[in-house]
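Q: Got a minute to go through this model with me? I'd like to start with the aromatic rings and then see where the talk takes us.

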Amino acid sequence: MTNDSALKPATLAANMPGNEPADGAVVPAWQPATTYENRAESGFSYLRGDGPVFADAERRLAALERGVGALLFASGMAAADAVFRSLPAGSHVVIPEVMYWALRGWLHDERSHLDLRVDMVANGNAEALRNALKPGETTLVWIETPANPTWEVTDIAEAAALAHAAGALLAVDSTVATPILTRPIEMGADIVMHSATKYLNGHSDVLAGALISARDDEFWSRVRNCRMQGGAVPGTFEAWLLVRGMRTLAVRVERASANAQALAERLDGHPGVVEVLYPGLPSHPGHDIAKAQMQGGFSGMMSIRVSGGFDGAAKVAASTRLFRQATSLGGVESLIEHRAPVEGPDSPVPDDLLRLSVGIEDADDLYQDLAQALSLIQ
Ligand SMILES: *Cc1c(COP(=O)(O)O)cnc(C)c1O
């Protein structure tokens, strides 16, 4: 018998022991019931609280992230919302300047309603984080690494040590790294958040989110209550599809990372490209930290800044065929997006930046597609 806790993420994602249906099927069953008889041995009662498909997905997520428990949510934003809503009223929180733009915008707009004081610090800058922390008042440090869409890298162990010294929790949006490349709880993080809409599901057909906790403590029970009362759970079929998608997580992430690495190297120095932003390039400022805390690749996400400023970027985004011009990321198909017009005037993102979600197609086909689009602006 293998020791399950020693199993590697690729094995846990594809074939986790302990989840077999009683009838011997090798895939999990879909159970759509919203309510359970009171005498049920399973302990399930009403689907807003829990259900077998959620529990299955959550066991897999907790094992993959080396946490004690996981909770599924209706979306990544619903998962993040539950973390911030579970903090004590009047809390001070520290977030990065570059992060998922909708979450930054929501925190900025709603901070007084949420009764939170929010400070932003430069990504990956330990000195700035140390200075922003207010011991006894800061309850949460939120980081995202690599950070969407410029892919700055934050040292998770260092951020955890600083947060804990100030009495705060560290939460990590690990949507882009996935548990295949990085496991933040092993580095000291308290909470890991995913937009499961992205790599975890991987097929651009499920909206879902997840939180994983390092400890079963009072904060985690507040988060659990917040989900149960607020009801931000996915549908049972979405949760089932998420488990189905997660079974190929390792091969998808490895292939997307290898493709992104190949593209980053070929585009670096291309005459239509001003800069390639990818932690897998040795010239990237976060490369050494990324190398230490990401295993097996640097993710399928990268950005390029192109010649011709805003108009050049708009032209390239409109001229690719394989890279579909669309938002979101982490699917098997490649996507391209001009971020500045999406994020608006308050965004720190440069005008000429194109975000690439590199899929699992052939790397040479992807390069040729970008090269023909870039040839239009040279
Ligand atoms: C998409 C995304 C989110 C939000 O997730 P939804 O599932 O769209 O609500 C949060 N963080 C990151 C890094 C994302 O890419």
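**Rings, domains and charges**

A: Sure. This is a predicted model, and the count for it comes to six aromatic pairs.

Q: OK, take Phe237 and Trp240: how are their rings arranged?
A: They're stacked, because the ring centres are 5.9 Å apart and the planes sit at 10°, under the 30 degrees that stacking requires.

Q: And where do Phe237 and Trp240 sit in the chain?
A: Both are in helix 9 (residues 236–246), three residues apart, which puts about one helical turn between them.

Q: Is Phe237 buried or exposed, or somewhere in between?
A: In between: Phe237 is partly exposed, with a relative accessible area of 37%.

Q: What about Tyr278 and Phe298, how do those rings meet?
A: That pair is edge-to-face, because the planes are at 75°, with the ring centres 6.5 Å apart.

Q: Which parts of the chain does that pair tie together?
A: Two loops. Tyr278 is in the loop between strand 8 (273–277) and helix 11 (287–293), while Phe298 is in the loop between helix 11 and strand 9 (301–306), so the pair links parts that are 20 residues apart in sequence.

Q: Are Tyr278 and Phe298 buried or exposed?
A: Both Tyr278 and Phe298 are buried.

Q: Which residues do the ring pairs link into a cluster?
A: Trp30, Phe237 and Trp240. So Phe237 and Trp240 turn up again there, because they're the stacked pair from before.

Q: Switching topic: what does the domain assignment give?
A: It gives domain 1 (7–246) and domain 2 (250–377). Their C-alpha centres lie 26 Å apart.

Q: How many residues from each domain take part in the contact?
A: Domain 1 puts in 33 residues and domain 2 puts in 38 residues.

Q: How much area do domain 1 and domain 2 bury between them?
A: About 2,800 Å², with 61% of it on carbon and sulfur atoms.

Q: Which three residues supply the most on the domain 1 side?
A: Trp151, Leu181 and Tyr199, which supply 28% of the area that domain 1 buries against domain 2.

Q: And how many salt bridges cross that interface?
A: Zero, across the interface of domain 1 and domain 2. The total count for the model is 17 salt bridges.

Q: Let's do a few of those. What does Arg266 pair with?
A: Arg266 forms a salt bridge with Asp364, and the closest N and O atoms are 2.8 Å apart. Arg266 is in helix 10 (residues 249–267) and Asp364 is in helix 14 (residues 363–375), so this one ties together parts that are 98 residues apart in sequence.

Q: How accessible are Arg266 and Asp364?
A: Arg266 is partly exposed at 41% relative accessible area, and Asp364 is partly exposed too, at 36%.

Q: Which ring does the charged end of Arg266 sit over?
A: The ring of Tyr367, 3.9 Å from its centre.

Q: What about Glu127, which residue does it bridge to?
A: Arg130, with the closest N and O atoms 3.6 Å apart. Both lie in helix 5 (residues 126–132), three residues apart, or about one turn of the helix.

Q: And the bridge between Arg183 and Glu186, what's the N to O distance?
A: 3.5 Å. Arg183 is buried, with a relative accessible area of 9%, whereas Glu186 is partly exposed at 49%.

Q: Last one: which residues are linked in a salt-bridge network?
A: Glu337, Arg339, Glu343 and Arg355.

Technical notes: Residues numbered from 1 in each chain as written. Predicted model: local features only at pLDDT ≥ 70, side-chain atom pairs only at ≥ 80, totals over all residues. Heavy atoms only, no water. Phe/Tyr/Trp six-rings, centres within 6.5 Å; stacked < 30°, edge-to-face > 60°. Helix = DSSP H or I, 4+ residues; strand = E, 2+ residues; numbered from the N terminus. Buried < 20%, exposed > 50% of the residue type's maximum accessible area, 1.4 Å probe, protein only. Lys NZ or Arg CZ within 6 Å of the ring centre and 35° of its normal. Domains from an automatic or database assignment. Contact = heavy atoms within 4.5 Å. Buried area = accessible area lost by both parts, 1.4 Å probe. Salt bridge = Lys/Arg side-chain N within 4 Å of Asp/Glu carboxyl O.
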